[in-house]
Amino acid sequence: MTSSACAPPRADLVLPCLDEAEALPWVLGRVPAGWRAIVVDNGSTDGSAEIARSLGATVVHESRRGFGAACHAGLLAARADLVCFCDCDASMDPGLLAPMAARVASGEADLLLGRRRPQGFGAWPAHARAGNLALVRMLRHRTGLRLHDLGPMRVARREALLGLELTDRRSGYPLQMVVRAADEGWRVSETDVPYLPRSGKSKVTGTWRGTWHAVRDMRRVLAEPPGTRSVAAGEVSV
C-alpha cells in the first residue's frame with residue numbers, strides 16, 4: 001500500500017467563534033495538517049477574527065447571533081467532501097478529528113460524534129451534564145438512537161449535510177443534525193474524546209439559565225415530526 005493511500009483524508013474544519021481570542025492559538029495549532037480551518041466569527045469584540053486570520057485560518061463573518069447560525073455559515077463556506085465541527089474554546093483537541101474523518105471516509109459511519117469524557121475539575125458542569133442527559137433520553141425516544149452525548153465535535157460529508165436542510169440557527173442546530181440524519185437512515189455513531197475545561201465562560205451552558213434556553217430550543221427540534229422541513233426556532237426566511 002502506498003503512503004498516499006495511508007494518508008488521512010482532508011477535511012474542512014468549522015470553528016464557530018465568539019470572543020475566543022485566548023483559545024484560538026492553541027485550537028488552530030492543533031488542526032490536522034492539510035486541513036482548512038474555517039473560523040466563523042459571530043460578533044466577537046476581542047479581536048478573534050484578526051487573530052484567526054493571522055494564524056492562517058479562513059475567516060467567515062456571520063452577523064446573526066446563534067451557535068447554529070455560525071455552524072451553518074461555516075458549512076456553506078466549506079468546500080471539502082468531509083466537514084468537521086468543533087468548539088473553538090480549547091475544550092476539545094481538533095487533532096482528534098483526523099481518525100474520526102478517516103472512519104467516515106471509509107464508510108464506517110455517515111455521522112460520527114465525539115462523546116465527551118471530562119478531564120479535570122470543571123470540564124463539564126453538573127447543570128450542563130444534566131441537560132445533555134435529558135436530551136439524549138428524549139433523542140432515544142424520538143429516533144431510537146442509543147447515543148450518550150450530543151457534543152459539538154462531529155464529522156460528516158458536506159453534500160449529505162446540506163441535503164438535511166437544517167433550519168435551526170440557535171442551540172438546536174447540533175441536535176437537529178442528528179435527528180434529521182436518523183430520519184434519513186444515516187449510520188450515526190460516537191467515539192470517546194477527552195473534554196477539557198474550556199477557556200473562558202460558555203455562551204450557552206455556562207449558567208443554569210443558558211442551559212435551560214438551550215434545552216428549550218432542542219425540545220422544539222425533537223417535536224418536529226419525521227420528514228418535515230419546517231422553519232425552526234431562530235431561522236429567518238429570506
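**Cores, strands and a pocket in a predicted model**

Let me start with the largest nonpolar core, which has 35 residues, and in which L111, L161, L175, V178 and V188 touch the most other members. Several elements, namely β2 (36–41), α4 (67–77), β4, β5, α6 (126–143), α8 (173–183) and α9 (208–222), each supply at least two residues of this core, and the largest share, 7 residues, comes from α8. I should say at once that what we are looking at is a predicted model, so please hear everything that follows as computed from it, under the rule that side-chain atom pairs count only at pLDDT 80 or more.

Take L161 as an example of how that core is put together: leaving aside residues up to four places away in sequence, L161 touches L75, V83, F85, A156, M177 and W186. Apart from this core lies another, of 34 residues, with A37, A57, C84 and V155 among them. As general background, nonpolar side chains in soluble globular proteins tend to be buried together.

Now to the strands. Strand β4, residues 82–85, pairs with strand β6, residues 154–157, in the antiparallel sense over 4 bridges, and within that pairing F85, which we have just met as a contact of L161, stands opposite R154 in β6. On β6 there is also a pairing with strand β5, residues 111–118, again antiparallel, where 3 bridges join the two and L111 stands opposite A156. That L111 is one of the core residues that touch the most other members, while A156 is among the residues that L161 touches.

What is the sense of the pairing between β5 and strand β7, residues 188–195? Here the two strands run parallel, over 8 bridges, with L113 standing opposite E190 in β7. As for β5 itself, this strand is mostly covered, since 6 of its 8 residues are buried.

Finally, I would like to turn to the second largest pocket, which holds about 190 Å³ of space. Its lining is made of 14 residues, and those closest to its centre are R115, W124, N132, L133 and H148. Both β5 and α6 supply at least two residues each of that lining, and α6 gives the most, with 6 residues. How does the lining of this pocket divide by class? There are 5 nonpolar, 2 polar and 7 charged residues. So β5 and α6 each appear twice in this account, as contributors to the largest nonpolar core and as contributors to the lining of the second largest pocket.

How values were computed
Residues are numbered from 1 along each chain as its sequence is written. This is a predicted model: local features need pLDDT of at least 70, side-chain atom pairs count only at pLDDT 80 or more; totals for chains, interfaces and linings use all residues. Side-chain values use heavy atoms; hydrogens and water are left out. Two strands pair if DSSP finds at least two bridges between them. Buried means under 20% relative accessible area, exposed over 50%, partly exposed in between (1.4 Å probe, protein chains only). A nonpolar core is a set of buried Ala, Val, Leu, Ile, Met, Phe, Trp, Tyr and Cys residues joined through side-chain atoms within 4.5 Å. Contact means heavy atoms within 4.5 Å. On a 1 Å grid over the protein atoms alone, a cavity is a set of points where a 1.4 Å probe fits but cannot get out, and a pocket is an open set with protein on both sides within 12 Å along at least five of seven lines; lining residues have an atom within 4 Å of a point. Grid points are joined across faces, edges and corners, and a volume is the space filled by probe spheres set on the points. Ala, Val, Leu, Ile, Met, Phe, Trp, Tyr, Cys and Pro count as nonpolar, Asp, Glu, Lys and Arg as charged, and the others, Gly among them, as polar.
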